[in-house]
Amino acid sequence: MCGIVGYIGERDIKKFLLEGLKELEYRGYDSAGIAILQEGKLLIFKAVGKLENLIQKAKDLKTEGFGVGIGHTRWATHGKPTELNAHPQMGEFSYVVHNGIIENFKEIKSFLKEKQFLSQTDTEVIVHLFEKNLEELGNPKEAFKRTVKTLKGAYAILLITKADPNSIYFAKKGSPLIVGRDKDEVFFSSSDSPLIGYAKEVYYLEDGEWGVASKGKIEIFEGSKRVEREFKPLTINKELAQKGGYRFFMEKEIYEQSDVIIDTMMGRVKEDRIELEELDKEFLEGVENIKICACGTSYNAGLTGAYLIEKLAKIPANAEIASEFRYKEPVLLNNTLFIVISQSGETADTLEALKMAKSEGLKTLAICNVDNSSIVRLADRTILTRAGIEKGVASTKAFTTQVMVLWMLALYLAQENLKKELKENELKAMTKTPLALKVSTSLHERIKRLSKRYLHGHGFFFIGRDIFYPLALEGALKLKEISYLHAEGYPAGEMKHGPIALADPELFTIALMPKNLLYEKIKSNVEELSARDSTICAISPVEFELADDFIKVNNATHYMLEYYEMAVVMQLLAMEIAIRLGNDVDMPRNLAKSVTVE
Ligand code: M6R
């Protein structure tokens, strides 16, 4: 969601801050700003819209010599995306950037009646409260400590002040914040990428930690207690996070899937079994059912996982949307293994669901792409998806790797009881997945050509059965996210219970028709739609004469291989439609990469 960067040192601060914000663009934002404190002078630049607007505004600013600076990309929560609401938010002599939500901002605001508020944000209370505390206590560190103590909700905060012009004050609770260093320089960011190539060592701040940093010195506190934390080397390679010749990060990430899935399986898919070093007998002892909780694409992967676990391991499993789960007063049984799935590891609803399960004493497992993320740190066990940094807001490789982890998990849970041939069949199919995910030039070209026929209409139905139903949900989600066309994923057998009323030539049906799973059933569902003149695009290895358009996938021997090929087809179709419509594929409107507010 919002992004944060900060810097203390001698290098060109403006450059570091703006480049850092550029790295965070993929998270989604609607305004941005920086504030720099150098030689006692406070400078601030803010702009609505793309970062380029901020870069233009600050183009004459020269920042040479020692200084401190903070920067922010904002995704509006309280107050519209305007320049006044953009961060840094200012007091009389201090500036703050903040990611998260201050839940008690109204109470704080009424307590600070004498202060003049310029924005509609919850963030602004932080800087005024700090200045009020400073008036009373006379010491910036004490004032910041008291400020942080008053705040309720979620936050990652960086604050600079003329009262201590060589320092940055920071605090973290519920939103990610990293502090990095290299000799005398200190860096801050809400995620790794801006720090790559700058910070040698980093520390991922924990909830409840706050502190103050100055040249060559980082003090971290927990409440009033000073704590020493171990900084670890930052080893991620920046090149991997670049676009590498593709038009969009999303396109690059679609193409990468065939390779990253190998990383996901590495050391886990063995010749005769699945090995998951993250799990053991003791951990799984007493587990009689499985609940999976996630949001968006991760939920679609989770629903696929629930089908696979029941199919292979015969353990009752279900998937729930985290934002629903949180408030429905769920009944949690202590023989349940609670699995959360998240690309970012920071999704607020998923994180809260995990906290609920933990507080009820359930065993918890995270399937996540970001090591050290909040979800990973909280869960009892984690299986990392190893997809690498995903920059496109529309998730692709995170999805296919999540599904792979779930498939491996299902087989892991099943393998003691599964017949040898069945187990071998699954393992063999897994090793063929990289091929199924490979994008061939001819397939991509065909989809590119076809996409021009799907730019209008009054809606899309993506339909499938069994695990192809969650895949249909995912296809529809991809399309609506980046093309802004209305699309729904539906269980094919359910169409006749209502949605078929919409069928006419302007209703586009994308039918997932695998040969290896319920082919005849889905075929008759598609025939019903065809009889009502819906325009049909069938994705299948089997020719289907009633289809208006047909995308042929390979004649695979396992339904999961068909699943993966179809996933790629739908990702490419959504992307090509969005490109033709002139949309920003990597940063679709209204969306954020990481949704750290509920
Ligand atoms: O980081 P998470 O996997 O927890 O994110 C969950 C959703 O916000 C995410 O999958 C979202 O739906 C994507 N934009 C889908 O492409």
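**Exercise 1.** In this predicted model, find which atom of the ligand approaches the side chain of Ser-342, and at what distance from an N or O atom; then look for comparable approaches at Thr-347 and Glu-481.

*Solution.* Begin with Ser-342, where an N or O atom of the side chain lies 2.6 Å from an oxygen atom of the ligand. Next, take Thr-347, whose side chain places an N or O atom 2.4 Å from a ligand oxygen. Finally, turn to Glu-481, where the partner is a nitrogen atom of the ligand, 2.5 Å from an N or O atom of the side chain. Each of these pairs can be checked against the cut-off for a polar contact, which is within 3.5 Å.

**Exercise 2.** Describe the surroundings of the ligand, stating how much of its accessible area the protein covers and which elements and domains supply the shell.

*Solution.* Start with the cover: of the 410 Å² of accessible area that the ligand has on its own, the protein covers 91%. The site itself is the second largest pocket, and two or more shell residues come from each of helix 8 (296–313) and helix 15 (468–483). At the level of domains, domain 2 (246–426) and domain 3 (439–598) each contribute at least three residues to the shell. By character, the shell comprises five nonpolar, eight polar and two charged residues.

**Exercise 3.** Determine what kind of peptide bond joins His-87 and Pro-88, and where Pro-88 is placed.

*Solution.* Read omega, which is about -5°, so that the bond between His-87 and Pro-88 is cis. Then locate Pro-88, which belongs to the loop between strand 4 (67–74) and strand 5 (89–90). For context, most peptide bonds are trans.

Methods
Residues numbered from 1 in each chain as written. Predicted model: local features only at pLDDT ≥ 70, side-chain atom pairs only at ≥ 80, totals over all residues. Heavy atoms only, no water. Polar contact = N/O pair within 3.5 Å; in protein donor to acceptor, adjacent residues only side chain to side chain. Areas by Shrake-Rupley, 256 points an atom, 1.4 Å probe, with all protein chains shown as cover. 1 Å grid on protein atoms, 1.4 Å probe; cavity = no way out; pocket = protein on both sides within 12 Å on 5 of 7 lines; lining within 4 Å. Sits in = over half its atoms within 2 Å of the grid points. Helix = DSSP H or I, 4+ residues; strand = E, 2+ residues; numbered from the N terminus. Nonpolar A, V, L, I, M, F, W, Y, C, P; charged D, E, K, R; others polar. Domains from an automatic or database assignment.
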